[in-house]
Amino acid sequence: MNSLPKKSNKALLVLLLVFILPVALAKLVLSLELYNGAATNKGALIAPDINYANLAMENPKPHAWQVLFFLPETCNDQCQERLYILHQSYIALGKDRDRVTPIIVVNSHSDTKILKQLNISFDQANANDALAALLTNQQLIIVDPLGSLVMQYDNVIGHDANIAQGKAMIADLRKMLKLSRVG
């Protein structure tokens, strides 16, 4: 009599491993937060619900990308360094410069005479209390043409750190300008 050979479950196990093992590994990598999500932005994203309308402030330059800097009461060396980096970053944008407007945000206590000393002729906008509260730490903020605050670059200390941050801001701005059809 012919005896039938025993069927091997080896093929079934290999098939299960090929399909289940990658899913299990992906789940493990995501649960242990080993994957960074391929984020290429250098600045910190701001919550999408923060815009000029929510801050009860009129958009100083509608339909244009903006880089905001709040001018403090006394503009020390660090503040002057930030203004210099903002100016140099604006110049470095090259052909995209006409799509971006640097804006110095001021209030009644701001040291506006430093702008004349440094020969910086950026647009100025008066800040209300809500915007001034957001911009207390001398950070730079990118605003999209629709008035939403998109990305911020916190205050860093030192000339080299400021230059590196200026380069990072330029890279992020160029990406946003490339992808944007507005402004």
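Helix H2 is a good place to start: its 16 residues should span 22 Å at 1.5 Å a residue, and its end C-alpha atoms are indeed 22 Å apart, so the expected and computed spans agree. Keep in mind that this is a predicted model.

**Helix H2 and its surroundings**

H2 covers residues 77-92 and links E2 to E3 in a right-handed β-α-β unit. A fair share of names turns up on its buried list: Gln-78, Cys-79, Glu-81, Arg-82, Leu-83, Ile-85, Leu-86 and Ser-89. An α-helix has 3.6 residues a turn, so residues three or four places apart point the same way. As for what those buried residues of H2 pack against, the partners are E2, E3, helix H3 (113-117), E5, E6 and H5.

**The sheet**

Which order do the strands take? Reading across, the open sheet of six strands goes E1-E6-E5-E2-E3-E4, with mixed pairing. At the edges sit strand E1 (44-45) and strand E4 (123-126), each of which pairs on one side only. Helix H5, residues 159-179, packs on this sheet and touches strand E2 (65-70), E3, strand E5 (140-143) and strand E6 (149-153). The direction of H5 makes about 160° with that of E6.

E2 deserves a closer look. Six of its six residues are buried, so to speak a mostly covered strand. Trp-65, Val-67 and Phe-69 are buried on one side of E2, and Gln-66, Leu-68 and Phe-70 are buried on the other, which leaves both faces covered.

Here is how the strand pairs line up, where the bridge counts are given:

| Pair | Sense | Bridges |
|---|---|---|
| E2 and E3 | parallel | six |
| E2 and E5 | antiparallel | four |
| E3 and E4 | parallel | four |

Some residue-level registers go with that table. Phe-69 of E2 stands opposite Ile-104 in E3, while Leu-68 stands opposite Ile-141 in E5. Further along the sheet, Ile-103 faces Asp-123 in E4; the strand E3 itself runs over residues 100-106.

**Helix H5**

How many residues does H5 have, and how far does the helix reach? There are 21 residues in H5, and the distance from the first C-alpha to the last is 30 Å, close to the 30 Å expected at 1.5 Å a residue. Its buried residues are Asn-162, Gln-165, Gly-166, Ala-168, Met-169, Ile-170, Asp-172, Leu-173, Met-176 and Leu-177. The cover over these buried residues of H5 includes E2, H2, E3, E5 and E6.

**The disulfide**

The structure holds one disulfide. A disulfide is a covalent bond between the sulfur atoms of two cysteines. Here the partners are Cys-75 and Cys-79, with 2.1 Å from S to S. The link of Cys-75 and Cys-79 is left-handed, with -90° about the S-S bond.

Are these two cysteines buried or exposed? Cys-75 has a relative accessibility of 9%, and because anything under 20% counts as buried, Cys-75 qualifies. Cys-79 is buried too, with a relative accessible area of 0%. Cys-79 is also one of the buried residues of H2.

**Loops worth a look**

Two loop residues make an interesting stop between E1 and E2. The first topic is Asn-51, which has its place in that loop. With a relative accessible area of 17%, Asn-51 is buried, because the cut-off for buried is under 20%. Leaving aside neighbours within four places in sequence, Asn-51 is in contact with Gly-147, Ser-148 and Leu-149. Asn-51 and Ala-132 are 81 residues apart in sequence, and their C-alpha atoms are 13 Å apart in space.

The loop between E1 and E2 also holds Ala-56. At 66% relative accessibility, Ala-56 counts as exposed, because the cut-off for exposed is over 50%. The phi of Ala-56 is near 55°, a positive value in a residue other than glycine. Most residues other than glycine have a negative phi, and most peptide bonds are trans.

Where does Asn-119 sit? Asn-119 is found in the loop between H3 and E4. Phi of Asn-119 is near 55°, again positive in a residue other than glycine. Asn-119 is exposed, with a relative accessible area of 66%.

Definitions and conventions
Residues numbered from 1 in each chain as written. Predicted model: local features only at pLDDT ≥ 70, side-chain atom pairs only at ≥ 80, totals over all residues. Heavy atoms only, no water. Pairing = 2+ DSSP bridges. Contact = heavy atoms within 4.5 Å. Axes fitted to C-alpha atoms, helices over the stretch in contact; angles between N-to-C directions. Buried < 20%, exposed > 50% of the residue type's maximum accessible area, 1.4 Å probe, protein only. Right-handed = clockwise from strand over helix to strand, strands pointing away. Expected span 1.5 Å × (residues − 1). Disulfide = S-S within 2.5 Å.
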